[in-house]
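User: I am new to this structure and would like to work through it by question and answer. Please begin with a single residue and then widen the view.

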Amino acid sequence: AVQSRRQGGFPFGFGGQSKTKVIRSEPLDLTIRPLPPSPPGFTGLVGQFRLSSELSRAQLTVGESTTLTLTVEGAGNLAAATPPVMAYPEGFKRYDDNPEQTQSQSADGIAGSIKYRQSLVPLKAGRLIVPGAELVSFDPRSGRYETLRTQAVTLEVKAADRTEQLQLTELPPAL
C-alpha cells in the first residue's frame, strides 16, 4: 500500500511529496526454549562471554589508590550484565565508577564489552589479596550455565612514611 500526500510550508516541507510505504517480508519461524533451572548467582546474562581483570598498580603505600578493572566481553545480551561478584576482605575502601559499555551489531547478533572500574584504597600495610571475581552466564550454544572467574591478585602495600590522618573525603574550602 502506498499513500501520497502533498506537503507545503515551513517547517514541514517545501512543496515536495511524502510517501508512506508498507513493506512485507516472509514470516520468520522462531523456536523459543525456556532456560533450564538456573544456579545461584545467575542474573540473566545469555551468550558467549569472557571475564578478565586488570589492576593498575600492585605496589602502593597505605592511602594511595589502585584501579581494578573487570571486563565482560563477548556476544549476547550485554544489557543483562551486572557487576561480577567479589568478596572483598577487610582493609580496603572501595569506590565504584560508572560502567563503560561498547556494543556493535552484526548478522550474528550483538557483541561488545562492559568495563566495571573500582578504586581500591588499602587502609593497612602488608600483603593484601584482592579475590577473584565471578559471573554466571548461560551459553545457548552449549546449553549450559558457565561460571566465569578471574584470578586473585596480590597488592604489596607499604606503610606511609609519616603518620597523617587519612581523609577519604574533602570538605569544601571555607569562605
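User: Which residues does Thr-150 touch, not counting residues up to four places away in sequence?
Analyst: The model is a predicted one. Thr-150 is found in the loop between β11 and β12. Leaving out residues up to four places away in sequence, those that Thr-150 touches are Leu-51, Ser-52, Ser-53, Gly-132 and Ala-133.

User: Is Thr-150 buried or exposed?
Analyst: The cut-off for a buried residue is under 20% relative accessible area. Thr-150 has a relative accessible area of 13%, so this residue is buried.

User: How many Å apart in space are Thr-150 and Pro-131, C-alpha to C-alpha?
Analyst: In sequence, Thr-150 and Pro-131 are 19 residues apart. Their separation in space, taken from C-alpha to C-alpha, is 8.4 Å.

User: How many strands are there in the protein chain?
Analyst: The protein chain has 0 helices. From the N terminus on, its elements run β-β-β-β-β-β-β-β-β-β-β-β. The number of strands is 12.

User: What share of the contacts with a separation of 6 or more comes from residues 24 or more positions apart?
Analyst: One pairing across the chain is that of Phe-42 with Tyr-145, 103 residues apart. For the protein chain, among contacts with a separation of 6 or more, the share from residues 24 or more positions apart is 66%.

User: Which residues touch the most other members of the largest nonpolar core?
Analyst: This core has 22 residues. Strands β3 (42–55), β5 (66–76), β8 (109–122), β9 (126–130) and β12 (153–158) each supply at least two of them, and β3 gives the most, with 4 residues. The members that touch the most others are Leu-68, Val-72, Val-130 and Leu-155.

User: Which residues does Val-72 touch, not counting residues up to four places away in sequence?
Analyst: Val-72 is among the core residues that touch the most other members. With residues up to four places away in sequence set aside, Val-72 touches Leu-45, Phe-49, Arg-50, Leu-51, Leu-78, Pro-84, Gly-112, Ser-113, Ile-114, Tyr-116 and Leu-135.

User: What is the relative accessible area of Ser-113?
Analyst: Ser-113 is found in strand β8. Leaving aside neighbours within four places in sequence, Ser-113 is in contact with Thr-71, Val-72, Glu-73, Leu-78, Glu-100, Gln-101 and Thr-102. Ser-113 is buried, with a relative accessible area of 11%.

User: Are the rings of Phe-42 and Tyr-145 stacked or edge-to-face?
Analyst: This pair belongs to a structure that holds 2 aromatic pairs. The ring centres of Phe-42 and Tyr-145 are 5.0 Å apart. Planes over 60 degrees apart count as edge-to-face. The planes of these rings stand at 75°, so the pair is edge-to-face.

User: Which residues do ring pairs link into a cluster?
Analyst: Phe-42, in strand β3, is paired with Tyr-145, in strand β11 (residues 144–149). Phe-42 is buried, with a relative accessible area of 19%. The cluster linked by ring pairs consists of Phe-42, Phe-138 and Tyr-145.

User: Which residues form a nonpolar patch on the surface?
Analyst: One member, Leu-28, lies in the loop between β2 (17–21) and β3. Leu-28 is exposed, because its relative accessible area is 74%, and the cut-off for exposed is over 50%. The patch has about 420 Å² of accessible area together, and its residues are Leu-28, Leu-30 and Ile-32.

User: What percentage of the protein chain's residues count as buried?
Analyst: The protein chain exposes about 12,900 Å², of which carbon and sulfur atoms supply 50%. Of its 175 residues, the portion that counts as buried is 26%.

Technical notes:
Residues numbered from 1 in each chain as written. Predicted model: local features only at pLDDT ≥ 70, side-chain atom pairs only at ≥ 80, totals over all residues. Heavy atoms only, no water. Core = buried A, V, L, I, M, F, W, Y, C linked by side-chain atoms within 4.5 Å. Buried < 20%, exposed > 50% of the residue type's maximum accessible area, 1.4 Å probe, protein only. Helix = DSSP H or I, 4+ residues; strand = E, 2+ residues; numbered from the N terminus. Contact = heavy atoms within 4.5 Å. Patch = residues over 30% accessible without salt bridge, like charges linked within 9 Å, V, L, I, M, F, W, Y side chains within 5 Å. Areas by Shrake-Rupley, 256 points an atom, 1.4 Å probe, with all protein chains shown as cover. Salt bridge = Lys/Arg side-chain N within 4 Å of Asp/Glu carboxyl O. Phe/Tyr/Trp six-rings, centres within 6.5 Å; stacked < 30°, edge-to-face > 60°.
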